[in-house]
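This briefing covers strand pairing, one turn and one charged surface patch. The structure and its sequence are shown first.

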Amino acid sequence: MGFADFMSDAGLSMLEHWVTTRSYIAGYGPSQADVASFKALPGPPKVEKYPHAWRWYKHISSYQSEFTSLPGDPSKAYTTYGPEKSELTVNPKDAPKSAEAEEEEDDDLFGSDDESEDEEAKKKREENLAAYRKKKEGKAKPAAKTIVTLDVKPWDDETDMKKLEENLRSIEMDGIKWGASTLVPLAFGIKKLQITLVVEDEKVSIDDLQEQISGDEDHVQSTDVAAMQKL
């Protein structure tokens, strides 16, 4: 489906929803997808109504001098990016079911609760319904996860980056899976470590993780979240 017209509230709402959990329109860094979407807007979205879209717009505006050199296909329209289908509820029948509605559906699976049914049939229906609900509750829901890209900056160009990464990866927290890393040049021969990880949202606090990483005071000057995206 892609983005709708950004001149409309529907289009801006779609953009707001899209960048709520993303730093960029596509991927983990600025690209032509951001450029096309940025240029399609007449100006920054209203911060009080679209705070995430406003934050994204301000962030991308800092790359304006680099627009032509950003990766991607500059010929693509902004409408080719965004959700494959609308994530906004258009028709009430498409809205998520409430707990009460689901319970009513469960009741319907095993017959009505008609007062005229005999006691034996009613007892059997309730037993079947209880067994079904127990089975339904026993199914473990997949844990919500987020892909996070962290920038870890050293003190200077003499910092042992191999040791810095070794100390970072030695941090053991339930719900973290470390991924790929790379060294990114900054200035004056200094390089930052950029590393990707997957975290389970209910188990891991990014703030706590950054605090642990910063505890390596001999090597780490600061840490920043470069990107986050829900899985």
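Two strands pair if DSSP finds at least two bridges between them. On that basis, strand 2 and strand 3 of this predicted model form a hairpin with 5 residues between them. Strand 3 also pairs with strand 1, and a negative patch lies on the surface.

**Strand pairing**
- Strand 1 (residues 145–154) and strand 3 run antiparallel and are joined by 8 bridges.
- Within strand 3, V198 is the bridge partner of I147.
- Strand 2 and strand 3 are likewise antiparallel, with 8 bridges between them.
- W178 has L197 in strand 3 as its bridge partner.
- In a regular strand, side chains alternate between the two faces of the sheet.

**The hairpin turn**
- The loop between strand 2 (176–185) and strand 3 (191–200) contains F188.
- F188 is not a glycine, yet its phi is positive, at about 55°.
- F188 counts as exposed because its relative accessibility is 79%, and the cut-off for exposed is over 50%.

**The negative surface patch**
- Which residues form the negative surface patch? The patch is made up of D118, E119, E120, E126 and E127.
- One of these residues, E127, is located in helix 5 (residues 119–138).
- E127 has a relative accessible area of 42%, so E127 is partly exposed; the class lies between the limits of 20% and 50%.

Notes. Residues numbered from 1 in each chain as written. Predicted model: local features only at pLDDT ≥ 70, side-chain atom pairs only at ≥ 80, totals over all residues. Heavy atoms only, no water. Patch = residues over 30% accessible without salt bridge, like charges linked within 9 Å, V, L, I, M, F, W, Y side chains within 5 Å. Areas by Shrake-Rupley, 256 points an atom, 1.4 Å probe, with all protein chains shown as cover. Salt bridge = Lys/Arg side-chain N within 4 Å of Asp/Glu carboxyl O. Lys, Arg positive; Asp, Glu negative; His and termini not counted. Charge placed at Lys NZ, Arg CZ, Asp CG, Glu CD. Helix = DSSP H or I, 4+ residues; strand = E, 2+ residues; numbered from the N terminus. Buried < 20%, exposed > 50% of the residue type's maximum accessible area, 1.4 Å probe, protein only.
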